[in-house]
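User: Please give me a close look at one part of this protein: the pairing of charged side chains. Start with the domains, and show me how buried the partners are.

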Amino acid sequence: MKEVDVFIIGAGPAGSIAGAKLVEDGFSVKIVDKLKLPRFMIGESLLPRCNELLEKANLLDVVKEAGFQFKGGVAFRNEEGDFAALNFSQNLGQKWGSSFQVKREVFDKLLIDEAQRKGCDVEYEVEVIAYDENENIITVKNLDGSEELYKAKKVLDASGYGRVLPRLLDLEADSHLALRRATFARVDKDNRPEGEQNGYIFVDVVGDNEAWIWNIPFSDGVTSVGVVCTEKYFKKFNMSDEEFWEHIIYNNPSASKRYAESKRIVEVNSLSGYSAAVTKLYDKNFILTGNASEFLDPVFSSGVTLALESGSKAAELTARELKGEVVDYKVEYEDYMMLGIDVFRDYVNGWYDGTLQTILFSQKKNPEITKKIVSILSGYVWDKDNSFVTSSKYALEKTYEMLKS
Ligand SMILES: Cc1cc2nc3c(=O)[nH]c(=O)nc-3n(C[C@H](O)[C@H](O)[C@H](O)COP(=O)(O)OP(=O)(O)OC[C@H]3O[C@@H](n4cnc5c(N)ncnc54)[C@H](O)[C@@H]3O)c2cc1C
């Protein structure tokens, strides 16, 4: 049996940032991924909070040097002609007022390579298949079918949609969000807006809020285009993924113009039922991070931010514990993470019930409210000086009441 200080399941953003921080703190770290990176991953639009977290983990320089598309904000449109563009620099004074649009096959490989360069022992095509929670022993299966055991002082689950420990330890919980489906592809030669909004993510509301389209421009001229709706709505069309994607894109007034001269360059793909929750985020021997814990919804591009935040936090707390400190994981990890997750959840619910769209599209909202919302949509969902963080649901309800007429 091999021994290691920290064993990390998964080489996505949560695993890489946690590993990079822990080796810099002097711990031995093993990271395994069942796939070989680079690999495709959904989740291509980052938030400014990501920059802050990457900077703190000494990972921002490699990201900046990679030439990713600069993302200065987010724009929302509907079919009635309502439009709202939010510039991330109009926040509540936070340092990072921009981020990047990234092809995850490039971004994730960059981060894991950097974690490896810093000292993490990284292995691909090694799958975690069993976990003894009491002894903290992980069983992995290699590509040739052979199995190996690892004993760790701490296990971080960063397995994303693999949800390794929630599955193995029966920690899955109902997410309470409707069953939704994303149907997506990449295209070339889109008509991008000029100027400041060139690198923004554009979110197009379809029909009467029945679906929405993401438009994520990359720096090489390729654009990621996805449609999100309930499974129920998708089924009504009785179409294949490809037919449905084309039907929605080319019947939407904004998207059809943007992609008038585009060619689809990859197969249309889909994902369904991705929202997930867990009964607990940690126990004595393990911590769940990123999508292996809770995943809400893609609409505000919060996934990688939450993955980097939880990976960083889990690493910091693990380091303190392994150095002999008593760590209160309930307060410092679970309560902390849930504050940010719950703020995003209120925004996701507000998006789908239409209240947030009323607020976003209103011409009457004052600049202070806009800044608070920009700050949240930038990923600063732990900023207790922002009243839209500390009482997010109440603030949204009151703002909606004020602006709806
Ligand atoms: C439709 C859709 C659109 C999205 N759009 C965005 C967006 O625009 N912006 C954004 O920030 N987020 C977005 N997300 C969310 C984003 O995809 C995730 O939040 C993010 O990838 C989570 O990162 P992670 O590090 O937790 O896990 P991942 O990136 O999923 O990495 C986990 C790794 O673990 C490995 N693994 C799994 N099982 C095992 C095992 N048994 N053994 C070893 N390794 C294993 C996997 O191979 C994988 O490489 C979107 C999600 C969806 C569903």
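Analyst: What follows moves from the domains to single pairs, and ends with the cores.

First, the ground rules. This is a predicted model, so local features need pLDDT of at least 70 and side-chain atom pairs count only at pLDDT 80 or more, while totals for chains, interfaces and linings use all residues. Residues are numbered from 1 along each chain as its sequence is written, and side-chain values use heavy atoms, with hydrogens and water left out.

Now the layout. The chain is divided into domain 1 (2–64 + 98–173 + 277–341), domain 2 (180–272) and domain 3 (349–403). These bounds come from an automatic or database domain assignment. Between the C-alpha centres of domain 1 and domain 2 there are 30 Å. At their interface, 12 residues of domain 1 are in contact with 16 residues of domain 2. Contact means heavy atoms within 4.5 Å.

How much area does this interface bury? It is about 1100 Å², with 61% of it on carbon and sulfur atoms. Buried area is the accessible area (1.4 Å probe) that two parts lose on being put together, summed over both. On the domain 1 side, Glu44, Gln101 and Lys103 supply 46% of the area buried against domain 2, more than any other three residues.

Charged pairs cross here too. The rule finds 3 salt bridges across the interface of domain 1 and domain 2. A salt bridge is a side-chain nitrogen of Lys or Arg within 4 Å of a carboxyl oxygen of Asp or Glu. Arg186 pairs with Glu105 in a salt bridge, and their closest N and O atoms are 2.7 Å apart. The two domains also share 5 residue pairs in polar contact, with both residues at pLDDT 80 or more. A polar contact is a pair of N or O atoms within 3.5 Å; within protein, one must be able to donate a hydrogen and the other to accept it, and residues adjacent in sequence count only if both atoms are side-chain atoms.

Next, Arg181. Its place is in strand 12 (residues 180–187). Helices (H or I, at least four residues) and strands (E, at least two) are DSSP runs, numbered from the N terminus. Arg181 has a relative accessible area of 12%, so it counts as buried. Buried means under 20% relative accessible area, exposed over 50%, and partly exposed in between (1.4 Å probe, protein chains only). The side chains of Arg181 and Asp241 make a polar contact of 3.0 Å. Both residues also belong to a network of salt bridges, together with Glu231 and Lys235. Leaving out residues up to four places away in sequence, Arg181 touches others including Val227, Cys229, Phe234 and Tyr274.

Across the whole structure, the search finds 36 salt bridges. One of these joins Glu316 and Lys21, whose closest N and O atoms are 3.1 Å apart. This pair links distant parts of the chain: Glu316 sits in helix 9 (residues 303–322), Lys21 sits in helix 1 (residues 13–24), and 295 residues separate them. Glu316 is partly exposed, at 35% relative accessible area. Lys21 counts as buried, at 16%.

Asp25 and Lys323 form another salt bridge, 2.9 Å from N to O. They too come from distant parts of the chain, 298 residues apart: Asp25 is in the loop between helix 1 and strand 2 (29–33), and Lys323 is in the loop between helix 9 and helix 10. Asp25 is partly exposed at 35% relative accessibility. Lys323 is exposed, with 57%.

Arg104 and Asp108 give a short-range case in sequence: they are 4 residues apart in helix 4 (residues 104–118), so about one helical turn separates them. An α-helix has 3.6 residues a turn, so residues three or four places apart point the same way. The side chains of Arg104 and Asp108 meet in a salt bridge of 2.8 Å, N to O. Both residues are buried.

Last, the nonpolar background. A nonpolar core is a set of buried Ala, Val, Leu, Ile, Met, Phe, Trp, Tyr and Cys residues joined through side-chain atoms within 4.5 Å. The largest has 114 residues, and Phe7, Phe76, Phe300, Tyr347 and Trp351 touch the most other members. Helix 10 (residues 329–352) gives the most to this core, with 10 residues. Apart from it lies another core of 17 residues, among them Val206, Ile213, Trp245 and Ile249.
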